[in-house]
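Here is a friendly walk through the model that follows. Salt bridges come up before anything else, then helix packing, loops and the surface.

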Amino acid sequence: MTLNLKTKKRIINLLIISLMILAAFIGTCSIWLNDGWPVNHENATFAARIHYLIQSWERGDIFPIWEPAENYGMGSLMPLLYPKLFTYSGAIIFLLTGEMKTALLLTIILFGTLGAAGIFCCCREIKMPRSWSVLLGSCFIFFNYVQVDLIIRGAMAEYAALCLIPFLCWWSMRLLLKKQFSWWILPLETLLFFAHTAIMIYSGGMVLTAFAIALIHFPEQRKQYLLRALISATAFTAVALPWVLLINDMQKYITFVAIYILLPGFSPQLNIVPPARYLFDFKSSLTPATDVFQQLDTGIVAGLLLCGATLLFFHSSTVIH
């Protein structure tokens, strides 16, 4: 019996997704092969947030802004202030499984598979062979900082945001390669907002850069791009603004005085530095306990130079024109 083309595509897509899920499963083997959870910077707070959220749901509070059990029973605004996407996803999966470690691992695998799928889509967008695209996508869970977030830092909110970033790349590539302003930028940015607001803001530079290039080089599409951008921005603001206003209003109840006294390096107003120091910090030292290392990565300078040289080299490329 011969399979028709549509059935073959479905089988291939199912196989690709299965390979990505398997890669995410293997990438978390250091967790599920051992009892408990690896010692990390967050301890078990990511599990506690899921537990507290489920308690809020049981009280009928679907979107809690206050958790009375946190902070040694004195209450906390953490449900309002902390990124929500991983916690809410984990809570839903916990209700389905009834076991915390299983829920956490399934949530990690879910987001890891999304990250792999995003890279796969980027590779296919530039006509890379399907096998190589699957291979590169499946490597996502093994990337150095992904593993650092999972195993060392326990930064699940940041991990969830990282898994969405490849889709921002894909959206930008579709805009520049196919002149398509895809509407799914709206739900994607919304998910990023609830996954990790800071990462959403920083990664927005990539989208804005691609959008600016498209406006310059595709004048025939300019009106459509601006209209779609305005509609998307308005809808996103309608979703995000209530949370931003609520957080801003609650600031009067938040104090970090003790942290400022003990660790002044972690006070934002004491860390305003010239932008150049983020590229190369001559004054930083990792020795003092109160110092915060400003330099992001020495490789950034080399990367920026390489990007500039690449843009100059491909200035006449059809990708841009």
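At 21% relative accessibility, E42 counts as partly exposed, because buried means under 20% relative accessible area, exposed means over 50%, and partly exposed is in between, with a 1.4 Å probe and protein chains only. The side chain of E42 meets that of R49 in a salt bridge, 3.2 Å from N to O. R49 itself is buried, at 15% relative accessibility. The term salt bridge stands here for a side-chain nitrogen of Lys or Arg within 4 Å of a carboxyl oxygen of Asp or Glu.

Before going further, please note that this is a predicted model, in which local features need pLDDT of at least 70 and side-chain atom pairs count only at pLDDT 80 or more, while totals for chains, interfaces and linings use all residues. Residues are numbered from 1 along each chain as its sequence is written, and side-chain values use heavy atoms, with hydrogens and water left out.

**Salt bridges**

Side chains of opposite charge can pair when their charged atoms come close. How many salt bridges does the rule give? The count comes to six. Three of these pairs are listed here.

| Pair | N to O distance |
|---|---|
| R49 and E42 | 3.2 Å |
| R59 and E67 | 3.6 Å |
| D149 and R153 | 3.0 Å |

In the pair of R59 and E67, is E67 buried or exposed? E67 is buried, with a relative accessibility of 1%, while its partner R59 is partly exposed at 47%.

The pair of D149 and R153 sits within one helix: both residues lie in α8 (residues 144–153), four residues apart, about one turn of the helix. Helices are DSSP runs of H or I with at least four residues, strands are runs of E with at least two, and both are numbered from the N terminus. D149 is buried at 0% relative accessibility, and R153 is partly exposed, its relative accessible area being 28%. Salt bridges that share partners link D149, R153 and E158 into one network.

Helix α8 also holds L150, which is buried with a relative accessible area of 0%. Although L150 and G27 are 123 residues apart along the chain, their C-alpha atoms are separated by 9.9 Å.

**Helix packing**

Helix α10 has two packing partners to look at, α9 and α12. Axes here are lines fitted to C-alpha atoms, for helices over the stretch in contact, and angles run from 0 to 180 degrees between N-to-C directions. Angles under 35 degrees count as roughly parallel, over 145 as roughly antiparallel, 65 to 115 as roughly perpendicular, and the rest as oblique.

The axes of α10 (residues 185–195) and α12 (residues 222–250) come within 9 Å and cross at roughly 20 degrees. That angle makes α10 roughly parallel to α12. The crossing of α10 and α12 is right-handed; a crossing has this hand if the near helix is turned clockwise from the far one by less than a right angle, and is left-handed if anticlockwise.

Helix α9 (residues 156–178) packs with α10 at an angle of about 160 degrees, the axes lying 9 Å apart. The two helices α9 and α10 are therefore roughly antiparallel, and their crossing is left-handed.

One residue of α9 is A160, buried with a relative accessible area of 0%. A160 is 52 residues from I108 in sequence, and the C-alpha atoms of the two are 8.0 Å apart in space.

**Loops with positive phi**

N43 lies in the loop between α2 (29–32) and α3 (45–58). Its phi is near 55 degrees, a positive value in a residue other than glycine, and N43 counts as exposed at 54% relative accessibility.

K127 lies in the loop between α6 (100–125) and α7 (130–138). Phi of K127 is near 65 degrees, again positive in a residue other than glycine, and K127 is exposed, with 68% relative accessibility.

**A nonpolar surface patch**

Which residues form the nonpolar patch on the surface? They are L15, L19, L22, F25, I26, W32, L33 and F142, with about 750 Å² of accessible area together. Patches are made of residues with over 30% relative accessible area and no salt bridge, where like charges are joined within 9 Å and nonpolar side chains (Val, Leu, Ile, Met, Phe, Trp, Tyr) within 5 Å. The areas come from the Shrake-Rupley method with a 1.4 Å probe, and for residues only the protein chains shown count as cover.

Helix α1 (residues 5–27) gives the most to this patch, with five residues. L19 is found in α1 and counts as partly exposed at 38% relative accessibility.
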